Amino acid sequence: MKKILVLFTGGTIGSITTDGIIDVEREGKYAVVEAYKSAYGDDVEFECRQILNILSENMGFSGWEKMIHEINSIDTALYSGVILTHGSDTLAYTSALLGMYFRHFDIPLFIIASNKPIGEKGSNGLFNFTSAVGLIKEGKYKGVFTLYERVMLPTRVIPADTCRDRFGVYGYDGFNDFSVFSGVSENMLSRPRERIFHNDVKFGKRILFIEGYPAMDFGCFMPNEDTAAVLYSPYHSATACTDVSKGKSYALTEFIKRCITKNIMVYICGLKRKVPIYSTVAEIIKAGSIPIYTTSAVAAYMKLLLAYNQEEMPVKEVMGKDLFFEEVKFS
Ligand SMILES: NC(=O)C[C@H](N)C(=O)O
C-alpha cells in the first residue's frame, strides 16, 4: 500500500488544553498520527504536513486559498489517500468548498475533525482518523468525503448544533444507506468526474450571506463594492416576507430590487423544483432573484464564493452545474 498523506490545519484535533483553555499546539505536533501508531503499530506509512495551524473559527479566505493550493500540488500517484485534519466549527464550509473544487480527485480525501483534543477522555479524533485510514486501506472510495463519527458527503454537511455538537446532513440522513436514503449510489460516486478547476483561487470577491428571520429589516444590509452577490437563506418553504404594508424595508422583494439596481444578484437557496409554490415565493422569483435548488445554505454560500472567485468557467455555468452532489435530487 502506498503512503497516506496527512495535511494538518489545526483545530481541536491539533490542540491541547492548558489551564482550561484549548488552543492549537504551537509546534504543531502530529498527535493523532502518534496516537494511531501507538494503538495500531506501523502498518501504514504516513507523510505529514502542517499546512495551517489555526482554530477553524479563524478560517477564511487565506486558509482556503492555502488548502486549495496544497491539494492542487499533490501528486496523487504517490499516495493511496489523503486525510485533512480540520476544526469542527467550520468543517461544513471547508468540506463543501473542497468537495466542489476537487470533484475530480482520483484518490480518497477524507476531511476529519475531533470534538476534544487527542488523548482526552471522550475524544473522537482517533476514531475519525482510524476510520479514514481503514476506508483508504479498503481502496473502495475515490473523491472527497467528510468523516466525523460517520461518513458524509462533503457538500451536505450541516454545521453541528451548539448543544450536543452533532453534525447534520442536508436532505437525507445518511451517506452509508446509499441508494435508499442519500439518493447517491456507490456507482454514482465511483464514476470519474470531469475536472473543472485547475488554477489556484484568490478570494477577492465577497458574498453577503443573510439568513431570514421574522421582522428582518433589510435596511441594515448595505452591499458594498466588494459584494459580488447576495445569498439569502429563506424559511424551509423557500419563503420570506414580501409584505410592504409595514414598510418597504421589511420585504425581501424590495431588497432584491435595490441590489439589482447596483448590479448585484440575489440568490435564494433551498427552493424545491416542484409546484405549487407559495405566492410569496413567486413574488421573490419575479423580483429577479436566482434560485439555487435544494442545496444547503452552507454549500450554496461556498459554491457562490467559488463561482465568483474562479476564472475557469462562467459564473452562471458553475452555479447551474451540480458540482459534487450539493443539489439533493428528489425522484
Ligand atoms: N472541535 C473543534 O475543532 C472546535 C474548534 N473551535 C475548531 O473548530 O477549530
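## Exercises on a predicted model

**Exercise 1.** Which residues is Thr 12 in contact with, leaving aside its neighbours within four places in sequence?

*Solution.* Leaving those neighbours aside, Thr 12 is in contact with Gly 87, Ser 114, Asn 115, Lys 116 and Pro 117. The structure examined here is a predicted model.

**Exercise 2.** Locate Thr 12 in the chain and decide whether Thr 12 is buried or exposed.

*Solution.* Step 1: Thr 12 sits in the loop between strand 1 (3-10) and strand 2 (15-18). Step 2: its relative accessibility is 15%. Step 3: buried means under 20%, so Thr 12 counts as buried. Step 4: UniProt, in an unreviewed entry, places the feature "active site" at Thr 12.

**Exercise 3.** Describe the largest nonpolar core and state where it lies relative to the two domains.

*Solution.* Step 1: this core has 57 residues, and those with the most contacts inside it are Ile 71, Leu 84, Ile 207 and Leu 231. Step 2: helix 9 (residues 297-309) gives the most to the core, with ten residues. Step 3: domain 1 (3-190) and domain 2 (206-330) both give residues to it, so the core lies between them. Step 4: apart from this core lies another, of 28 residues, including Phe 145 and Leu 147.

**Exercise 4.** Which strands stand at the edges of the six-stranded open sheet?

*Solution.* Step 1: the strand order is 4-1-5-6-7-8, with mixed pairing. Step 2: strand 4 (46-54) and strand 8 (151-152) stand at the edges; each has a single partner strand, so one side of each is left without a neighbour in the sheet. Step 3: strand 8 pairs with strand 7 (residues 143-147) in the antiparallel sense over two bridges.

Note on methods: Residues numbered from 1 in each chain as written. Predicted model: local features only at pLDDT ≥ 70, side-chain atom pairs only at ≥ 80, totals over all residues. Heavy atoms only, no water. Core = buried A, V, L, I, M, F, W, Y, C linked by side-chain atoms within 4.5 Å. Buried < 20%, exposed > 50% of the residue type's maximum accessible area, 1.4 Å probe, protein only. Helix = DSSP H or I, 4+ residues; strand = E, 2+ residues; numbered from the N terminus. Domains from an automatic or database assignment. Pairing = 2+ DSSP bridges. UniProt positions renumbered as here; feature names shortened; annotations may be inferred. Contact = heavy atoms within 4.5 Å.
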